[in-house]
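Work through the three exercises below with the sequence and the coordinates at hand. Each task is followed by a solution that proceeds in steps.

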Amino acid sequence: MRVIRVGTRKSQLARIQTDSVVATLKASYPGLQFEIIAMSTTGDKILDTALSKIGEKSLFTKELEHALEKNEVDLVVHSLKDLPTVLPPGFTIGAICKRENPHDAVVFHPKFVGKTLETLPEKSVVGTSSLRRAAQLQRKFPHLEFRSIRGNLNTRLRKLDEQQEFSAIILATAGLQRMGWHNRVGQILHPEECMYAVGQGALGVEVRAKDQDILDLVGVLHDPETLLRCIAERAFLRHLEGGCSVPVAVHTAMKDGQLYLTGGVWSLDGSDSIQETMQATIHVPAQHEDGPEDDPQLVGITARNIPRGPQLAAQNLGISLANLLLSKGAKNILDVARQLNDAH
């Protein structure tokens, strides 16, 4: 019986996400066996520094990619938002699974349960390791202070509950839901309050770009709507040259054959921002229509079993929106944010 080796980070959330992907693959391929191999990444080990300061694009992916390269694993399951828009040569995202709720959530200290960010006392400290969240929320809630908090979900919740430093912390709703911690979600942030990170809420399966067997195997995991939304989001971010050291955020929706993409950039303190929305006519294709045999990746993604036309349209939407923001001065905002972040 063939054994497919699946790489993952060691955290509880990463394991849950990987188990869900493996369960779907097992259902599709009852004749195959799957072995899960867990490992620690740089991002898991460096816990005393804000992510944006480490200045490394592949914080949570590098060690897993080494294992792929050395043929120690056949595929790796990631949170899509951890995967840079340009992957190292020889790798591709072979599947993007159906997205869970992509919005951010607020988890409150037990003594503030029932509050919202708006009703927290003046000078309350809110924990987030993301410049994107801090920039948007500082602008919206100037009475609050935002401070970095690192560690996996379990660690962050423990810091919130057991220490008196934080009144609340901001986390991805999808992660909390996957962990079964629905009861801790005190508030879900709407796009007007805080737009989400590119790819947030979706899982990406990374494989060796030339491993046709495995590409075919994981292709069944592609969710066409999530795929198209994430291609647009990733194309927007790549064209802006954003990364986790600058505040860039998005919001996408598919409705009546239209893909709507809203994107924004912020200064670090949120005082300066540019946001715009564009749309394109894109019909979500049925899966399993045979795509072309040539295989150029789009923003690091290979999806042969989804027609190419809608994928290109989604990519073009992302690039067009980035160009619109750049024409309105986005580059200057991002350059200043980068310099300030590097200087701190």
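The exercises concern the chain as a whole, one of its sheets and its nonpolar cores.

The model is predicted, so that local features need pLDDT of at least 70 and side-chain atom pairs count only at pLDDT 80 or more, whereas totals for chains, interfaces and linings use all residues. Residues are numbered from 1 along each chain as its sequence is written, and side-chain values use heavy atoms, with hydrogens and water left out.

**Exercise 1. Describe the protein chain by its secondary structure, burial and contacts.**

Step one: the protein chain holds eleven helices and 13 strands, where helices (H or I, at least four residues) and strands (E, at least two) are DSSP runs numbered from the N terminus. Step two: of its 344 residues, 55% are buried, that is, under 20% relative accessible area with a 1.4 Å probe, protein chains only. Step three: among contacts (heavy atoms within 4.5 Å) between residues at least 6 apart in sequence, 72% join residues at least 24 apart.

**Exercise 2. Establish the strand order of the sheet containing β12, and find the helices that pack on it.**

Step one: the open sheet has three strands in the order β11-β12-β13, with antiparallel pairing, two strands being paired if DSSP finds at least two bridges between them. Step two: β11 (248-255) and β13 (273-281) each have a single partner strand and stand at the edges, so one side of each is left without a neighbour in the sheet. Step three: the twist from one strand to the next averages 15°, with axes fitted as lines to C-alpha atoms, for helices over the stretch in contact, and angles running from 0 to 180 degrees between N-to-C directions. Step four: β11 pairs with β12 (residues 258-266) over eight bridges, and Ala-253 stands opposite Tyr-260 in β12. Step five: helix α10 (residues 308-327) packs on the sheet, touching β12 and β13, and its direction makes about 150° with that of β13. Helix α11 (residues 330-343) touches β11, β12 and β13, with its direction at about 50° to that of β12.

**Exercise 3. Which residues have the most contacts inside the largest nonpolar core, and which element supplies its largest share?**

Step one: a nonpolar core is a set of buried Ala, Val, Leu, Ile, Met, Phe, Trp, Tyr and Cys residues joined through side-chain atoms within 4.5 Å. Step two: the largest has 50 residues, and those with the most contacts inside it are Ile-96, Phe-236, Leu-240, Val-248 and Val-265. Step three: the elements that each supply at least two of its residues include α4 (62-69), β4 (91-96) and α9 (224-240), and the largest share, nine residues, comes from α9. Step four: leaving aside residues up to four places away in sequence, Phe-236 touches, among others, Val-248, Leu-261, Leu-321 and Leu-325.
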